[in-house]
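Here is a structure to work through by question and answer. Look at the fold first, then read on.

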Amino acid sequence: MEYDVVVCGAGPAGLMAACTYGRLTGGAGRVLLLDKKEPWKEPIFCAEAVSTDRLNALWPISSKWVRGGISGIYFTSPKGFRAEFYSKDCGSLLDRALFHHALADGCAEAGVECHFDTLVKELSREGESWNVQVLADGESVQLKSKVVVDATGPGCRLTHNIKCLEGIESGDTDLEPALFAVAEGIEHSREHIELFFGSEFPDGYGWVFPRDGVEVNVGFVLGKNADVGMPLRQKLQEFIGNRYPNAKVKAIYGGKIACGQSKRPLAKLGVFKAGDAASCVNPISRSGIVESLLCGKIVAESVVEWLSCESDAARAKVEASVLDRWMKAQGKAHLQIANAKPAFGKITDAQFDRAAEKLSKIPRGKATLWRIFFTVLSACPSLIWKMRSFLR
């Protein structure tokens with residue numbers, strides 16, 4: 001019942017943190033990975049597209065869990081002008097269920113003890129360790145661990161109201177509403193993502209992401225203070241019905257998602273935050289899969305160092321370094337994007353239409369980065385920041 005590390009949450013961040021720790025310690029460290037459900041059961045909480053190069057650098061891509069490739073993005077304006085950004089094989093469409101299963105298999109091979117039927121209820125500090133209260137098979141059990149990794153996702157409640165952890169707790173201010181459906185009967189390009197912009201999606205955007213050539217992921221994310229005057233489910237139904245009257249909605253998912261880059265410390269007193277729980281998310285595109293994998297890796301590497309420290313001062317130094325490591329790897333770029341986010345929200349429908357209309361006339365073979373840059377800049381200078389966040 002005692003562990004070196006307990007990882008709470010088996011999303012990309014938790015799976016990567018547990019697996020990386022297991023590999024770095026050669027299976028010698030006692031690490032436990034917990035989640036209330038198996039991570040390959042209904043893991044559809046995003047649009048499932050990632051940068052091929054960035055993912056492959058963190059976890060070698062396998063055809064077993066990739067639905068297909070992405071070679072472009074359509075940016076569609078309110079009046080329907082469509083601008084294409086083409087970059088062959090720039091992205092991959094994941095089968096999240098199989099991808100999570102591969103990560104979980106990697107954890108098991110690295111000596112991680114996994115329990116995907118266990119709910120983490122509460123943390124409490126006792127001496128130099130943490131008590132982790134869990135619910136497993138209807139029975140309350142108390143575990144003890146030197147380190148806890150909080151990878152419980154956006155709006156995490158695990159560290160709320162723990163006074164000794166003031167400074168790393170998350171707040172609802174970092175969450176935005178998102179809703180999407182898995183649907184059939186929507187005409188689309190299997191190799192393109194389509195993104196919709198304008199006042200219909202205040203401080204956010206709509207999308208159609210291909211899945212398997214038949215199904216698509218269609219939905220939207222809105223700014224945290226957006227008021228659309230109707231329930232979000234109704235808005236999603238209108239969005240789909242107005243554009244795709246023949247669509248057949250198979251399932252609807254939604255909730256609050258992380259929307260920005262936090263400046264809060266990522267670790268304190270042996271508690272480390274990772275992924276969406278740490279708000280390590282692209283503020284404009286809201287992409288978070290690869291970001292979570294990278295954050296989980298950084299956290300695991302830091303935990304290994306932390307456990308080797310012989311003094312509180314040395315451990316505190318490692319904890320302070322986690323945010324610095326993340327900022328160097330990705331966080332600084334996120335903060336730059338965040339600075340442009342308010343200006344992006346002020347772009348008018350007419351400006352979106354003007355930029356997209358100009359770009360739509362550029363032949364694919366001649367749409368160089370410089371030509372795209374100057375075309376967008378001449379139509380609406382602030383829009384270039386939006387494009388940078390998607391083309392990173």
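The turns below cover the core, one loop residue, one strand and one helix pair.

This is a predicted model: local features need pLDDT of at least 70, side-chain atom pairs count only at pLDDT 80 or more, and totals for chains, interfaces and linings use all residues. Residues are numbered from 1 along each chain as its sequence is written, and side-chain values use heavy atoms, with hydrogens and water left out.

Q: Which element gives the most residues to the largest nonpolar core?
A: A nonpolar core is a set of buried Ala, Val, Leu, Ile, Met, Phe, Trp, Tyr and Cys residues joined through side-chain atoms within 4.5 Å. Buried means under 20% relative accessible area, exposed over 50%, partly exposed in between (1.4 Å probe, protein chains only). The elements giving two or more residues include β1 (2-8), α1 (12-24) and α5 (289-308); helices (H or I, at least four residues) and strands (E, at least two) are DSSP runs, numbered from the N terminus. The top contributor, with 10 residues, is α5.

Q: Is Pro 78 buried, partly exposed or exposed?
A: Pro 78 sits in the loop between β4 (66-76) and β5 (82-94). Beyond its neighbours within four places in sequence, Pro 78 has contacts (heavy atoms within 4.5 Å) with Phe 197, Gly 198, Asp 349, Phe 352 and Asp 353. Its relative accessible area is 34%, so Pro 78 is partly exposed.

Q: Which residue of β14 is the bridge partner of Phe 180?
A: Nine of the 10 residues of β10 (residues 175-184) are buried, so this strand is largely enclosed by the rest of the structure. β10 pairs with β14 (residues 248-258) in the antiparallel sense over 10 bridges; pairing needs at least two DSSP bridges. β10 also pairs antiparallel with β13 (residues 216-221), over six bridges. In β14, the partner of Phe 180 is Tyr 253.

Q: How are α1 and α5 oriented to each other?
A: Their axes (lines fitted to C-alpha atoms over the stretch in contact) lie 7 Å apart, at an angle of about 40° on a scale from 0 to 180 degrees between N-to-C directions. Angles under 35 degrees count as roughly parallel, over 145 as roughly antiparallel, 65 to 115 as roughly perpendicular and the rest as oblique. Therefore α1 and α5 are oblique.
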